[in-house]
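Q: I am new to this structure and should like to learn how to read it. Could the features be taken up one at a time?

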Amino acid sequence: MIMGTSAYRSDRSDRTYTSHMSHPSQKSHPSHPSHKSHNTMASRLLRLLFAVLVCSSVTAAQQKSSCIECHLKLEDTRLSAPAKNFDNDIHKSRGLSCNDCHGGDPTADTKEGAKDPRKGFLGKPKTLDIPAYCGKCHSDANLMKRFNPSLRVDQEREYYTSVHGKLLKEKGETRVATCISCHSVHGIRAPSDPLSSVYPANVAETCAKCHASADYMKPFGIPSDQYTKYKTSVHANAIYVKQDLSAPTCNDCHGNHGAAPPGIASVANVCGQCHARQAELFQTSPHKKAFDDRQLGECITCHSNHAILRPNDNMIGTQQGALCINCHSNGDKGFAAAGIMRTRIDELIAGIDKSSGILNQAERKGMEVSKPKFELKGATDALTHARVLIHSSSTAEVDKVVGPGLEVAEKGYQAGLASLGEWKFRREGLAVSLIFILFLAFLVYLKLRQIERRQVT
Amino acid sequence: MTIEPLKDWLDERLSISTLQAMAAKKEVPLHRHSIWYYFGGMTLFLFAVQVATGILLLLYYRPSSENAFESVQFIITEVKFGWLIRSIHSWSANLMIATLFIHLFSVFFLRAYYPPREITWLSGAVLLFIIICFGFSGYLLPWNKLAFFATKVGTEIAGVVPIVGRPVLRFLRGGDDVTGATLTRFFGFHVAVLPAMATVFIGIHVLLVQLHGMHVPRKYEHNYQRMKFFPNFILRDLIGWILAIGVLAALAALFPWELGEKADPFAPAPAGIKPEWYFLFMFQTLKWIPAKILGMDGEVLGIMTFNAIALLLFLVPFIDRDPENRRRHLIFNVCGVVALLYIVVMTIVGYVAK
């Protein structure tokens with residue numbers, strides 16, 4: 001049962017060690033290549049110790065915890081904060097306690113007893129050790145099933161594929177993010193908890209803690225304006241203003257545990273996760289080869305990366321400010337196609353505006369035009385579709401939807417005209433009817449007078 | 001060619017000459033307040049407009065949650081003059097309730113319920129509730145958003161009444177919620193149950209008016225002239241009715257009744273939802289009433305008070321039956337004025353309030 005901090009550290013770097021010391025019921029896996037090398041008495045003891053630590057967790061949480069009791073009394077906030085914050089930690093809610101990560105004996109009454117290395121006390125892990133420290137449990141599928149069967153167990157492995165992980169592992173760079181940099185420590189909440197640092201609406205702020213600091217990023221030679229740019233983007237607007245948590249934040253494009261900048265070759269796949277149709281059209285367009293040949297990032301060349309603004313029609317065309325003229329010039333095929341596509345889209349917009357204008361006018365006059373207004377949505381849909389189809393760079397494809405869209409818009413316009421005509425007809429009809437009605441009333445009045453005069457005489 | 005043989009033939013079978021003799025004898029008192037006599041006839045005329053336009057709407061209306069909105073939309077956009085019929089039906093309903101209230105208060109203040117006219121008053125009070133039920137049930141039929149939520153709120157208020165509230169709510173809704181079943185049910189009430197009841201009570205009411213004649217206020221009992229009902233009074237009525245048609249046509253053409261958006265039971269209730277104007281004074285009262293009054297639920301107390309006032313309305317001719325009792329006369333006048341002011345003020349407040 002002897003497992004001091006140093007003993008743990010000596011074996012820490014071995015990945016199979018941490019992943020096989022979780023549960024006594026977990027039998028040796030014959031197919032695992034490193035299994036036999038660890039089938040020693042020491043490792044059995046270690047596994048047994050860890051299994052005891054985890055299996056007794058639920059009851060331990062309800063039992064006395066001298067760690068919490070003492071640390072809460074400490075004046076040094078660095079030492080009391082873990083005990084305070086742990087109250088909101090998801091691990092605590094699942095029945096785990098200090099000793100489940102740090103070892104030791106929470107039932108002991110003295111500091112020495114509680115932190116006895118003979119009772120597996122590990123203390124505070126070094127930055128280099130943190131991924132493996134968390135991975136002890138989080139990389140163990142059998143163990144994690146007991147707490148959350150749907151939770152992934154590849155975070156640690158994925159972490160080492162990230163820029164953070166690589167720098168940590170390969171260069172011993174401790175300024176990089178590890179588990180606790182993003183998830184916090186001793187107050188770790190589920191990502192679905194709005195107070196969690198990795199809740200979708202909080203992710204950008206969490207990443208920005210380091211990535212928005214020019215000083216912190218200087219040694220790594222990477223910019224620090226991503227967060228500022230992202231906050232101006234259509235995606236940030238969706239998350240922060242529209243409260244749409246499905247909109248992408250940092251980890252949706254860069255990955256979370258495996259965080260890395262997407263390369264030129266894969267950026268289209270990243271955007272294509274959500275913008276599938278645009279990505280598909282782009283793959284079939286003449287731009288695909290041209291971008292590949294020039295090593296241009298597929299989506300970001302036109303839309304940028306972090307400061308992705310809401311696309312608008314001025315981005316396409318041949319006028320000043322259009323993106324197409326950055327590469328195309330008058331006389332080439334692309335220039336002509338860009339001009340045509342823009343013209344067709346403008347025509348459709350004008351058609352929709354004309355129709356909705358006259359329909360709104362009719363509606364303000366009290367006419368029932370909800371049906372043609374609803375049908376006009378067909379033209380708006382066609383416009384949206386046409387704006388997507390420009391990613392094919394094919395004027396014929398754009399024409400296929402603009403044409404029917406214009407027909408729908410024209411139908412709406414005719415309905416508006418008919419409504420206004422009907423409105424005029426009603427007014428004129430009312431005037432004629434009122435003349436007739438008043439005349440009739442007057443006739444009855446004359447008759448009444450005639451009768452009453454006769455009655456008097 | 002003469003029509004005399006035909007007249008004789010009809011007279012022999014229908015006793016037209018007897019009716020003519022009765023009509024010739026029938027007279028209407030003429031005094032300072034004779035103008036109020038016309039409102040009963042006007043209400044009856046507007047009811048006839050409702051029946052006529054309602055029958056025309058029935059030709060196209062489909063009473064189901066899937067089709068009701070679309071069928072009304074079809075009526076007002078595709079059917080020739082469908083918009084006119086639908087708008088007249090809606091405007092006429094509102095004008096009818098307005099003339100009905102005027103008729104009610106004029107009868108109240110002129111004491112036209114004194115013996116032997118108690119049953120005339122009672123049948124009129126029943127007709128008031130029948131007409132209000134017509135309005136409540138008809139409001140839902142286009143199955144639009146406002147009507148849906150107004151019905152939801154309205155039936156919820158009925159459900160608050162102790163003991164009977166819950167069964168009444170379930171009966172009205174045809175279940176726990178306002179659904180297509182409620183629409184079908186309301187349609188049944190609107191086009192079958194209520195018209196049958198209205199026909200019976202209008203028959204009784206008009207018959208009793210003919211039987212007892214027009215009531216003359218005490219002040220003019222010995223000092224009034226007479227006007228022949230036929231043709232003098234009826235021709236005046238006719239002028240009013242013709243003008244009413246003009247007003248209805250103008251309202252329908254200048255302010256066509258809106259259809260709004262189709263009801264969506266899963267959508268949140270729109271902000272500032274209000275019932276029809278004739279329920280506004282009650283709605284506003286229930287909005288303002290404190291949550292607790294003397295330990296009792298304020299809303300329940302409010303609803304029970306309105307029920308008590310409704311009951312009191314029926315009992316008016318049995319409480320105030322002595323024309324000589326001046327003190328009671330005064331109390332009734334004050335109550336009537338207060339009630340009228342309360343209804344007017346709370347309706348305006350309810351209309352203006354957000």
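**Reading a predicted two-chain model**

Q: Where in chain B is B:Val344 found, and is B:Val344 buried or exposed?

A: This is a predicted model, and in it B:Val344 is found in helix H13 of chain B, which covers residues 326-352. Because B:Val344 has 11 C-beta neighbours inside 10 Å, and a residue with 12 or fewer is exposed, B:Val344 counts as exposed. B:Val344 and B:Tyr278 are 66 residues apart in sequence, yet their C-alpha atoms are 9.9 Å apart in space.

Q: How many helices and strands does chain A have?

A: Chain A has 26 helices and 0 strands. Of its 457 residues, 29% count as buried.

Q: Which residues of the two chains form the contact, and how many come from each chain?

A: The contact takes 20 residues from chain A and 19 residues from chain B. On the side of chain A that touches chain B, helix H25 (370-389) and helix H26 (395-456) each supply at least two residues. H26(A) gives the most, with 16 residues. By class, this side of chain A has 10 nonpolar, 4 polar and 6 charged residues.

Q: What describes the way two helices pack?

A: Two packed helices are described by the angle between their axes and the distance between the axes. In chain B, the axes of helix H5 (residues 82-109) and helix H6 (residues 118-140) come within 11 Å and cross at roughly 155 degrees. An angle over 145 degrees counts as roughly antiparallel, and H5(B) and H6(B) are therefore roughly antiparallel to each other. H5(B) passes H6(B) in a left-handed crossing.

Q: Which residues meet where H5(B) and H6(B) touch?

A: Among them are B:Ala93, B:Met96 and B:Leu100 in H5(B), and B:Trp121, B:Leu128 and B:Ile131 in H6(B). By class, this contact has 9 nonpolar, 3 polar and no charged residues.

Q: What is usual for phi and for peptide bonds?

A: Most residues other than glycine have a negative phi, and most peptide bonds are trans. Here, the peptide bond from B:Pro115 to B:Pro116 is cis, with omega near 10 degrees, and B:Pro116 lies in the loop between H5 and H6 of chain B. The bond from B:Phe230 to B:Pro231 is also cis, with omega near 10 degrees; B:Pro231 lies in helix H10 of chain B.

Q: Which loop holds B:Trp143, and what is the sign of its phi?

A: B:Trp143 is found in the loop between H6 and helix H7 (145-160) of chain B. Its phi is positive, about 55 degrees, although B:Trp143 is not a glycine. With 26 C-beta neighbours inside 10 Å, B:Trp143 counts as buried.

Technical notes: Residues are numbered from 1 along each chain as its sequence is written. Chains are lettered from A and ligands numbered from 1 in the order in which they are written. This is a predicted model: local features need pLDDT of at least 70, side-chain atom pairs count only at pLDDT 80 or more; totals for chains, interfaces and linings use all residues. Two residues are in contact if their C-beta atoms, placed from the backbone, lie within 7 Å. Helices (H or I, at least four residues) and strands (E, at least two) are DSSP runs, numbered from the N terminus. Ala, Val, Leu, Ile, Met, Phe, Trp, Tyr, Cys and Pro count as nonpolar, Asp, Glu, Lys and Arg as charged, and the others, Gly among them, as polar. A residue is buried if 20 or more other C-beta atoms lie within 10 Å of its own, exposed if 12 or fewer, and partly exposed in between; C-beta atoms are placed from the backbone. Axes are lines fitted to C-alpha atoms, for helices over the stretch in contact, and angles run from 0 to 180 degrees between N-to-C directions. Angles under 35 degrees count as roughly parallel, over 145 as roughly antiparallel, 65 to 115 as roughly perpendicular and the rest as oblique. A crossing is left-handed if the near helix is turned anticlockwise from the far one by less than a right angle, and right-handed if clockwise.
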